[in-house]
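Visitor: I should like to go through this model step by step, beginning with its sheets. Please guide me through what the coordinates show.

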Amino acid sequence: MPTVRADRSESTGGGSALQKRRSISGGPISPPSPVKWKSPRRSINGSPNTPSKEVEKDSDCKTSRLHKSPRKNLSETFVEKSKWNPRDSEQMNAVKEALHVSTVPSAVVCREEEQKRVMNFGKACIEHGKSGSLYVCGCPGTGKSLSMEKVRQALIDWAGQAGFQPPDLLSINCTSLTNTSDIFGKILEKHEPRKKNNSSISPLQHLRNIYSKKQQSTGMKMMLIIADELDYLITRDRTVLHDLFMLTTLPFSSCILIGVSNAIDLADRFLPKLQSLNCKPMVVTYRAYSKDQILKILQQRLMALPFPVFQPQALELCARKVAAASGDMRKTLSVCRSVIEILEAELRESINSLDLLSSENGTFDQQALPTLDSLKNQEIDIVRVDHMATALSKTFRSPLVETIQALPQHQQIILCSAVRLFRGGRKDTTIGELNKSYVDICKSVLVPPIGILEISSMCRVLSDHGLLKLGQSRDDKLKRVTLKVDEADIAFALQISTCRTSVLSKVLDYMKLKCLDGLQL
């Protein structure tokens, strides 16, 4: 019988709880309330055997976890940038500093392959304890000097980590030398800093003696020589440049020479003897930056700022124009600093206009208040496409762009009509089809169109300017028309003109040519 009661109590699942209640109160124990059944659909973790209170508690915890919005975590991770206030002098100085040529970025992007080749060359020389020469060439503003600064430090760090003796370092800008032959004195001074060469032997001959004797080279550290602006050493007889590279060919030389210059064919033109001796230096060429590379470098520099400064279309316009002209990153930074100055001038002009209006309406009558409020609300907090186009027009003076800008309004609209027709890959059209496109644009911007005879006459004028090419036909409407200039040049020239005429601005809005990407639509 006791076993039956025990089984019964265990089956009810509350035997231990009943004994505790009896020992505390000593009175009769009320039977436990029946368990309320809850449908699993009404709770997340519900089951037919789960009590309602536990279900409600568990469901509340679960739903609170589910209803917890993830937006808070996303906002903490991706903090939106605040707006730029150009009137704040500290923020303006930060922008100018980020765009200055002397500001060294944390990493040199878009030059990884070139840096890797220079780095591998230096590593091989240090590992084998052999001298060598390398020539780095490329157009101005392609990141040569900046890359050498990064490679130099990376090479010294690698030598220490790999267990090799770090090389001595000598960086020379050849434009700072009084005489071209002074470079040998700089190298000798680095080799023997405590000794003074009072003998009649020249520094070059002294270096030749050092690098020609084995007993003198025991325990000698390697020397990394980075000679920037190497083309400054080119003389009539080319002896200095030739003797410098010949130092690396001596039997016990410890020189690792890296020459940097803008002249791409310097090694072929000025060092023919090295080629005949099979000692021609390794050549690493830095190509001009492309549009995507310029855009990436600009974005890297502006990433450090806590606010956006340029419209993306403005940056892309700058990158396209500079890449097409030269691919010079220094020129790109110069354009960006110029557009900041244009923005500052625009801000000063708006402030002066506001002050003038305030002084003229000193009593602040009710009619003047809306005008003052509208001027105050015209906040300039970003560099727009028209700002960038103005800066580019000042930097790149093109006769073609100036010709398009000087055209009468209807001739500019005819060019826009031609661009619109040729977007789909067409190479030519007729004056009749061009006239239809012209009329459509004029109607959209509420400009009275001219007749077909005037269109034909203006096409001949544009042909004389070299902008269009006209075919031969008895009927003017059937004459073939071909665009002889690039669509991007027309868009660039007319974007600058939008600051002067509201009609042309409407035309470009209609054609979606506000930015150069519109040409691809």
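Visitor: In which order do the strands of the open sheet of three strands stand?

Guide: The model is a predicted one. In this sheet the pairing is antiparallel. Strand E6 (429-430) and E7 stand at the edges, each with a single partner strand, so one side of each is left without a neighbour in the sheet. The order is therefore E6-E8-E7.

Visitor: Which residue of E8 is the bridge partner of Thr-429?

Guide: E6 and E8 pair in the antiparallel sense, and two bridges join them. For Thr-429, the bridge partner in E8 is Val-481.

Visitor: Is Lys-479 buried or exposed?

Guide: Lys-479 is placed in the loop between strand E7 (468-470) and strand E8 (480-483). Leaving aside residues up to four places away in sequence, Lys-479 touches Thr-429, Thr-430, Ile-431, Arg-460, Gly-471 and Ser-473. A residue counts as buried under 20% relative accessible area. Lys-479 has a relative accessible area of 12%, so the class is buried.

Visitor: In what order do the five strands of the parallel open sheet stand?

Guide: The edge strands of this sheet are strand E2 (168-173) and strand E5 (282-286), each of which pairs on one side only. From one strand to the next, the twist averages 15°. The five strands have the order E2-E3-E4-E1-E5.

Visitor: Which residue in E5 stands opposite Gly-138?

Guide: Strand E1 (residues 132-138) and E5 run parallel and are joined by five bridges. Opposite Gly-138, in E5, stands Tyr-286.

Visitor: What angle does the direction of helix H7 make with that of E3?

Guide: Helix H7 (residues 144-162) packs on the five-stranded sheet. The strands touched by H7 are E1, E2, strand E3 (223-228), strand E4 (255-261) and E5. With the direction of E3, that of H7 makes about 170°.

Visitor: At what angle to E2 does H8 run?

Guide: H8 lies across two strands, E2 and E3. Relative to E2, H8 runs at about 160°.

Visitor: How are H8 and H9 oriented to each other?

Guide: The axes of helix H8 (residues 182-191) and helix H9 (residues 203-210) come within 8 Å and cross at roughly 45°. The crossing is left-handed. From the crossing angle it follows that H8 and H9 are therefore oblique to each other.

Visitor: How do the residues of the contact of H8 with H9 divide into nonpolar, polar and charged?

Guide: On the side of H8, the contact is made by Phe-184, Gly-185, Ile-187, Leu-188 and His-191. H9 contributes Pro-203, Leu-204, His-206, Leu-207 and Ile-210. These residues divide into seven nonpolar, three polar and no charged.

Visitor: Is Cys-110 buried or exposed?

Guide: Cys-110 is in the loop between helix H5 (89-98) and helix H6 (112-128). Although Cys-110 is not a glycine, its phi is positive, at about 65°. Since its relative accessibility is 12%, Cys-110 counts as buried.

Visitor: Is Leu-446 buried or exposed?

Guide: Leu-446 is found in the loop between helix H20 (431-444) and helix H21 (452-464). Its phi is near 60°, a positive value in a residue other than glycine. Because the relative accessibility of Leu-446 is 74%, the residue counts as exposed.

Visitor: Of the residues of the chain, what percentage count as buried?

Guide: The chain contains 23 helices and eight strands. Among contacts between residues at least 6 apart in sequence, 72% join residues at least 24 apart. Of the 521 residues of the chain, the share that count as buried is 39%.

Methods:
Residues numbered from 1 in each chain as written. Predicted model: local features only at pLDDT ≥ 70, side-chain atom pairs only at ≥ 80, totals over all residues. Heavy atoms only, no water. Helix = DSSP H or I, 4+ residues; strand = E, 2+ residues; numbered from the N terminus. Buried < 20%, exposed > 50% of the residue type's maximum accessible area, 1.4 Å probe, protein only. Contact = heavy atoms within 4.5 Å. Pairing = 2+ DSSP bridges. Axes fitted to C-alpha atoms, helices over the stretch in contact; angles between N-to-C directions. Parallel < 35°, antiparallel > 145°, perpendicular 65-115°, else oblique. Left-handed = near helix turned anticlockwise from the far one by under 90°. Nonpolar A, V, L, I, M, F, W, Y, C, P; charged D, E, K, R; others polar.
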